[in-house]
Each structure stands twice: as structure tokens, then as C-alpha cells.
Amino acid sequence: MYTLGEFIIKNRDNFLYSIESLLRLFSSIKLASKAIHKEVNKVGLTEELIGSSGITNIQGENQQKLDNFAHKAFIESFKSRNVVCGIASEESEDFIVIKEKKENFYQNQYIVLIDPLDGSSNIDVNVSIGTIFSVYLRKSSVKMDLTISDFLQKGKKQILAGYIIYGSSTILVFTIGKGVHGFTLDPSVGTFYLSHPNLHFPKVGSIYSINHGNYANFSSEIKKFIRYCQEKKENRPYTARYIGSLVGDFHRNMIKGGIYIYPKTDSSPNGKLRLLYECNPIAFLTEQAGGKASDGENRILDIKPIKLHQRTPFVCGSVEMVSKFEEFIANYK
Ligand code: AHG
Ligand code: MN
Ligand code: MN
């Protein structure tokens, strides 16, 4: 059974950049996710990480204590490894610059965008939550200051993306553009082991995931697609499954086959999910797992971002199901 480190070294030729930098990136990700795993498994024992931190984040959303803990855990972990020069997080309005340490002979050339804790509404009720991350090479010269354009790169430029799901077990799933692989944490050893090699979306699935509570605010083409999912025809009706943690809903649909939709609504014309640290990494994983991800009309990975916390309508999943959804959008507009 391979550990994550062994797997990376064995597959070093699949990474176009320095293998040492990839190991450093993963070293940061593993450490922070293990710290979060440890806290997640204690939620409820003390008041320390349950409930709101009393802060409203840049999204206008109530920040939970664990959102803040996870944000800090990742920032600290990236800071100490001399590989990342800038981080944009859901929990921080502006990007964070990481200064290179003086004694460092190594150049920090990676940009990280992160949703430190995805599915915040599920923390206090013991339902799966996650972390989503996305990594790029910086565009500007290492001699210059970082600029916002280092962060506003198209999703297709990602060199690494993934998530950690803190569920019945803690699993780290990632892609470097050569398939999608999952590693389960053995908490007794503190090590991630390869458990889900070559994850792949079934072509057609039988699950649709959408927040039905927003039905009255959906446009007519979305309502028609929902009725299509519920119709008694061919391999339908599909079954409805919606956790409210993108990571959890995505992980299940990738394994079982399905479609996840967070469309625009009357009150949120751009949908809810954030392009840079939710949709782009999940879209990269989707495509690498043989699925399809779009905003209903355009491929997510081709969208040119214009701001850090930009939102977009989002649909991802098994190819045939997403293509059918896009047909509905095109035909009923
Ligand atoms: P976050 O906890 O990082 O703010 O993300 C929550 C997101 C996503 O994980 C989930 O799919 C979606 O919000 C759920 O939203 P609704 O409650 O509106 O369905
Ligand atoms: Mn999220
Ligand atoms: Mn979050």
C-alpha cells in the first residue's frame, strides 16, 4: 500500500515542475489537514470549535470557529515550507503574501487558492465537511511583487487541485493533470495511504444534487430539468441526494455517478459558489475523472476570472448528465 509521499515519488515523471516543490506543497497540505481532522473529530466535546466566531467574512457569511481554525492552519503550514508565495482564501478579503525566508535558496513560485472549510453549515451537526485547494505557478517574475493577476488565472492553468473530505474517514483526493487519486488517512499512523486510485465518473449516473429549497427562485429551464430528473422514463427518475457540502456531494457523485447543480437563482444571479477556490479545483478534478463541468453554457476551466471572490453558476458530474443539462439551458432560454 503506497503512502502519498511514495506515490508522488513513484509518479514523479507526471509532474512537469520540480518534484521537491510538489513534495513541499503536499507536506503543507497533509499537516494542515491532519490538524483539522484532529479538531473535527473532537467537535462537540468542548465549546472551542463549535458555533460562530462572531465574524462576518467577505462573502457576508457568518464565519464559524472551525472556518477560522482551518484558514490559519493552512496559512501557517504553507508559510513555513518555502514553496508558496501567495494565498487567497475564502476567509480573507485580499490575497496574503508570503515573504521568502532569507536563508532560503529555493524560490517560492506557487500560488494557492483555498476554501479552508467547505460546508460550514454542517460542522455542528456531524455531517461531512471538507477543504478545497487549487495551485498555480505565479505569472509575475519572482523579483517583482505579487499582483492580483497572479491569482486571476484561468482554471485550465492549474497545476494541482484537490480536496480533503472529513467524513466517515478523512480522504485526500487530488490531480496533477494525470488522473484523480484518493488517499485515506490512517489516524493511528498519521499517514495517508492510496485507497482510491484512478477515480472515474461513471458516464451516466442516477443521482441529482440540487438545493430544492430554492425551487421558487429557479428559472424555468432549471425547473424543467428537475422535472426531467424526476420523470419515469428510461433510467429515470434519478434519486435526489444533497448534503450542502460541495466536497461531500461531489465525492459521492464521482464515485456513484451523478450530477451536482448550483444554478443562478432570482436572488443570486451568479449562483453561490466561488469560481477560484470552489468551482475551478472541482472542475479540474471533474475533467480528470472523465466528467464535465460548466456554468451551464461555458466550460468552467476556460472562464477568465475578474475578481478573487467571484461567484458562478456551477454544474458538474457525469458527462451525459451535464450535457443534457446544458441542452435544457440552450433549448429553453
Ligand atoms: P462554505 O461552507 O465554504 O461557505 O461553502 C458552502 C457551499 C457549498 O459547500 C455547498 O454546496 C453550498 O454552499 C450549499 O449552499 P446552500 O445551503 O445554499 O444549498
Ligand atoms: Mn465552500
Ligand atoms: Mn468555506
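# A tour of ligand 1 and the two manganese ions

Begin with strand β5, which contributes 3 residues to the shell around ligand 1, the most of any element. The model is a predicted one. Strand β5 covers residues 110-118. Next, add β13, residues 258-262, to the selection: β5 and β13 each provide at least two residues of the shell around ligand 1.

**Ligand 1 and its surroundings**

Select ligand 1 and display its neighbours. It is surrounded by 18 residues, and the closest are Asp-118, Asn-211, Tyr-242, Tyr-260 and Tyr-262. With the ligand hidden, a surface view of the protein is useful here, as the space that ligand 1 takes is the largest pocket.

Three polar approaches to ligand 1 can then be inspected in turn. At Leu-246, a polar backbone atom is 2.9 Å from an oxygen atom of ligand 1. At Leu-117, a backbone N or O atom lies 3.3 Å from an oxygen atom of the ligand. At Glu-278, an N or O atom of the side chain is 3.4 Å from an oxygen atom of ligand 1. Ligand 1 taken alone exposes 470 Å², of which the protein buries 86%.

**The manganese ion, ligand 2**

Keep Glu-278 selected and centre on ligand 2. This manganese ion is coordinated by Asp-115 (OD), Asp-118 (OD) and Glu-278 (OE), at 1.9 to 2.1 Å. Along the sequence these donors follow the spacing D-x2-D-x159-E. Distant parts of the chain are linked here: Asp-115 belongs to strand β5, whereas Glu-278 belongs to helix α6 (residues 275-288), 163 residues apart. Colouring by accessibility shows that both Asp-115 and Glu-278 are buried.

**The manganese ion, ligand 3**

From Asp-115, move to ligand 3. The residue bridges this manganese ion and the manganese ion of ligand 2, and the two ions lie 3.8 Å apart. The protein donors of ligand 3 are Glu-90 (OE), Asp-115 (OD) and Leu-117 (O), lying 2.1 to 2.2 Å from the ion. Their spacing in sequence is E-x24-D-x1-L. Here Glu-90, in the loop between β3 (84-89) and β4 (96-97), is paired with Leu-117 in strand β5, 27 residues apart, again linking distant parts of the chain. Both Glu-90 and Leu-117 are buried.

**A final view**

Which residue coordinates both manganese ions? To close the tour, show ligand 2 and ligand 3 together with Asp-115, the residue that coordinates both. Then restore ligand 1 and select Asp-118, which is a donor to ligand 2 and is also among the closest residues to ligand 1.

Definitions and conventions: Residues are numbered from 1 along each chain as its sequence is written. Chains are lettered from A and ligands numbered from 1 in the order in which they are written. This is a predicted model: local features need pLDDT of at least 70, side-chain atom pairs count only at pLDDT 80 or more; totals for chains, interfaces and linings use all residues. Side-chain values use heavy atoms; hydrogens and water are left out. Donors are N, O and S atoms within 2.8 Å of the metal (3.2 Å for Na, K and Ca); water is not among the atoms, so sites may look incomplete. Helices (H or I, at least four residues) and strands (E, at least two) are DSSP runs, numbered from the N terminus. Buried means under 20% relative accessible area, exposed over 50%, partly exposed in between (1.4 Å probe, protein chains only). A residue is near a molecule or strand if one of its heavy atoms lies within 4 Å of it. A polar contact is a pair of N or O atoms within 3.5 Å; within protein, one must be able to donate a hydrogen and the other to accept it, and residues adjacent in sequence count only if both atoms are side-chain atoms. Accessible areas come from the Shrake-Rupley method with a 1.4 Å probe; for residues, only the protein chains shown count as cover. On a 1 Å grid over the protein atoms alone, a cavity is a set of points where a 1.4 Å probe fits but cannot get out, and a pocket is an open set with protein on both sides within 12 Å along at least five of seven lines; lining residues have an atom within 4 Å of a point. A molecule sits in a cavity or pocket if more than half of its atoms lie within 2 Å of its grid points.
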